[in-house]
Amino acid sequence: MSKYPIIIFEGIEASGKTTNFKIAANYLKKRRKSFIKLREPGGSIFSEKIRKLILNKKLNLNNKTDLLLFYAGRSENFEKIIKKNYKKKIILIDRFTDSTIAYQHYGMKIDLKVIKMLNKFIIGNFNPNIVFLSTVNSKNLQKRLKNRSKLNRYDKFKLKFYNKVQNGYEKISSNKSKYIKINSNTNTINEVKKIIINKLEKLI
Ligand code: TMP
């Protein structure tokens, strides 16, 4: 594996994904490793504008529009940021193509063939090396979302939707060594740090 791996953080809302992303970024910073951080939706200047559109509660966009917006943002990130840094720096991404499969296919029932076709078209054979997948149970999900002061359009789905998405992640990751699962209900923050840092130490 390249010493500059592509590392992805995935999981549903309030699963601890972004905390885990920060743990990894802080660790790499401490070790003075050369890395870049990206998030999706978002990333490049244009993609951050798309993020605002997608997450805007006042806009009632249909699922197909969302799918194409996610890919428009991803295309800009890929062409302008990822390709430039690939194999030169470690790349950390808060959500990537597995989010599209989990949310747009398993959650919103968009044909998987369409998503795979868009993947091929936009990122070709580019393939992340490792995915940290965070999970949360329904009780904690509800509790944590309730405590958020600001909810965006994607924080306001019904519990059933998030269950479908999390089950989707389960299917995507099943029996694949590339996925490191982190259970935010049973692991303490120190245990989570240990899991992430142990894996990073082996990778870089
Ligand atoms: P965030 O809150 O983790 O920044 O993500 C915003 C939302 O966007 C989150 O609910 C997941 C969703 N999303 C998709 O539905 N499809 C995608 O391809 C991506 C990248 C995110």
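In this predicted model, helix α7 runs over residues 159-173, 15 residues in total. From its first C-alpha to its last it reaches 21 Å, close to the 21 Å expected at 1.5 Å a residue. A good part of the helix is tucked away: F161, Y162, V165, Q166, G168, Y169, I172 and S173 are buried. Seen down the axis of α7, these buried residues fall within an arc of 150°, so they line one face of the helix. Turn to the face pointing away from that buried side, and the exposed residues K160 and K171 show up. Past the helix comes N175, with a positive phi near 60°.

What sits over the buried residues of α7? The cover includes the strands β1 (6-11), β4 (130-135) and β5 (179-183), along with the helices α4 (97-107) and α6 (138-146).

One of the buried residues of α7, Y169, also turns up in the largest nonpolar core, a set of 42 residues. Together with I12, I82, I93 and Y103, Y169 touches the most other members of that core. The biggest giver to this core is helix α3 (residues 63-85), which puts in seven residues. As a rule, in soluble globular proteins, nonpolar side chains tend to be buried together.

I93 is worth a closer look. Leaving aside its neighbours within four places in sequence, I93 is in contact with I6, I7, I8, F9, F21, L38, E40 and I82. There is also a second, separate core, made up of 18 residues, with F21, I23, I90 and F132 among them.

Definitions and conventions. Residues are numbered from 1 along each chain as its sequence is written. This is a predicted model: local features need pLDDT of at least 70, side-chain atom pairs count only at pLDDT 80 or more; totals for chains, interfaces and linings use all residues. Side-chain values use heavy atoms; hydrogens and water are left out. A nonpolar core is a set of buried Ala, Val, Leu, Ile, Met, Phe, Trp, Tyr and Cys residues joined through side-chain atoms within 4.5 Å. Buried means under 20% relative accessible area, exposed over 50%, partly exposed in between (1.4 Å probe, protein chains only). Helices (H or I, at least four residues) and strands (E, at least two) are DSSP runs, numbered from the N terminus. Contact means heavy atoms within 4.5 Å. The expected span of a helix is 1.5 Å times one less than its number of residues. The arc is that of the directions from the helix axis to the C-beta atoms.
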